[in-house]
Amino acid sequence: MRRLLLLLTTVLTLPALSAAETGRYLVATRGPARAAKIAISKVAVDLDAEAAETRVFENVPAFAATLTDDQAEALRHSPQVSYVERVLERHILDVDPGRAASSTHISQIHPPGIDLLKAPGVWPYSGAVRTNVVILDTGIDYTHPDLAPNYAGGYNTIAKTDDPRDDHGHGTHVAGIVAAADNSFGVVGVAPAARIWSVKVLDKSGSGTTENIVAGIDWAISKKEVMGGQWILSLSLGSSGDSPIESGAFARATNAGFLSFAAAGNSGPDAAIEFPAAYITVNAVGAINSALEIASFSNRGHEMAFVAPGVDIDSTVAHGLGPRFAELAVDGTIINAMPLYGSPLGEITGTYVDCGYGRIGDFPASASGNIALVRRGPVSAPIDFSDKARNAKAAGATAVIVMNHDGEFLLENPWVLIRSDCLAPGIGCKQRPEDVAFAFPVTVGILKADGETLLQKVPSTRVAETVSTEDYDRKSGTSMSTPHAAGAAALIWSLAPAATAADVRRALITTARDLGTKGFDTTFGYGLIDALGAGKALAPAAFSNPATPAPPVITHKSRAARH
Ligand SMILES: [Ca+2]
Ligand SMILES: [Ca+2]
């Protein structure tokens, strides 16, 4: 009865119930959050109400809830509550999220970042102990063949399930930098024997809140309690606002033995270090390029701890979310091709037929059921690629190859099946609905010289024409430098499992390669991480064993077969 009266009182004091605006809050409690929540619900605010969507943390003394301003104010006066704050937005720290590095097909990838950190020099000495790296990000594509061997599990703080599947792509790229597997394909991570845990705290647009991050840290602390071992937090995200409750969560993690790294931010030299990187218990990581110069986008500040490679970094991407590529396979030879914008994905195999310029009358009867090879142009009366592909489909062709009429493809003038009409060049463009709706056949472009080679082989030669997506991509940002640092820490910790997080951090600091002005500075922090030097400082005995031969440098096709 008492609770009912108090609740009624609360309701009656609100100006208008339906108009009461709500927001998402983090509430720090005095003592364990679960007990505090029960006490608060009895006298102040009904935290069990469905509308509150209360999320109670197990290790961090706090909960998250949806509250009206009045309810938040009531909680500020509750004896069970020490602090109330609105959740803050946090986001990925790519320089240019979602943009493929290049439209050209990269056939071999050897990430130079691992060499800048001298990580391969440590690999022969790392033992059977596997460091646990918890990546708080957009999730992970755990089916990726370069990540599956090292994926240990995870949590989704958005869906509140144990499935952190990556619906954005960023987290998968970060995971590959930490620990892509050492095998015969793809890329190699800094710590290829580390165990990857993925916590999805950012949604498919790359954005989340401090609530998600606190929930992720809370999950990680519980997981470490159960599993034991050496644990690292890696956060390639941030924004400018300070959250005392999020800061408290990192402090809890530190007390529980974690070592934490976060991205310094991508707003450039005049911008302060972002949060969570700027918290005292988190190591802020800035980005350098392969010439050891600070990246133009890397933030600065006295909280900077280290720099690591963060420009043009090749790593894994989630299946189907990588850049598109096209190729032809003829007589065992691969010909690089360009997927036309609007072509579906697919692999079509068949005999190809010379179909002139792809005008309606250019298609022989044999085009039906075969691949149409058409020329660009003619220069005197050009036919749109869209119309060539439509004509080929009408003639019964299964796919289309368009050969250029001169040298190279021009990146600034991509070939399209889906045309746009613009008010002015590049301004006010609108895709033609009839092209968007049309089911085009798989259509690729090839260079003139390759087309002439094909024409010499008609009509009996078969070709496999493929338009697909890369499983690897190149990205830049302090999002990329952060997992390099976390991976280096994971690598050296595996040499000395009895070391504390503070020991590992100290080894990284004392051996970092000083850059910029002498000693610590606000641009490079303590400098570039040296995994080999830090490993020797942390665990000299590990290097006294006769060295086993270092694994060969991995060079490989950029795409691994995915089954
Ligand atoms: Ca690999
Ligand atoms: Ca310096």
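How far apart do the axes of helix α6 and helix α7 come, and at what angle do they cross? I looked this up at the start, and found that the axes of α6 (residues 210-227) and α7 (residues 244-255) come within 9 Å and cross at roughly 15 degrees; axes here are lines fitted to C-alpha atoms, for helices over the stretch in contact, with angles running from 0 to 180 degrees between N-to-C directions. α6 and α7 are therefore roughly parallel to each other, a label given to angles under 35 degrees. I noted the residues making this contact (heavy atoms within 4.5 Å): Thr210, Ile213, Val214, Ile217 and Ile221 of α6 meet Ile245, Glu246, Ala249, Phe250, Arg252 and Ala253 of α7.

I remind myself that this is a predicted model, in which local features need pLDDT of at least 70 and side-chain atom pairs count only at pLDDT 80 or more, while totals for chains, interfaces and linings use all residues. Residues are numbered from 1 along each chain as its sequence is written, chains are lettered from A and ligands numbered from 1 in the order in which they are written, and side-chain values use heavy atoms, leaving out hydrogens and water.

Next I turned to the open sheet, whose four strands have the order β2-β3-β1-β4 with antiparallel pairing; strands (E, at least two residues) and helices (H or I, at least four) are DSSP runs numbered from the N terminus, and two strands pair if DSSP finds at least two bridges between them. I found that β1 (residues 22-29) and β3 (residues 62-68) share seven bridges, and that Val27 has Phe63 in β3 as its bridge partner. Helix α7 packs on this sheet, touching β1, β3 and β4.

I then traced the closed barrel, where seven strands run β16-β17-β23-β20-β19-β18-β24 with mixed pairing. The twist from one strand to the next averages 35 degrees. Within the barrel, β19 (residues 371-375) and β20 (residues 399-403) run parallel and are joined by five bridges, with Val402 in β20 as the bridge partner of Val374.

Last, I examined the calcium ion (ligand 2), whose protein donors are Asp514 (OD), Leu515 (O), Thr517 (O), Gly519 (O) and Asp521 (OD), lying 2.3 Å from the ion. Donors are N, O and S atoms within 2.8 Å of the metal (3.2 Å for Na, K and Ca), and since water is not among the atoms, sites may look incomplete. Leu515 counts as buried at 9% relative accessibility, whereas Gly519 is partly exposed with a relative accessible area of 29%; buried means under 20%, exposed over 50%, and partly exposed in between (1.4 Å probe, protein chains only).

How values were computed: Parallel < 35°, antiparallel > 145°, perpendicular 65-115°, else oblique.
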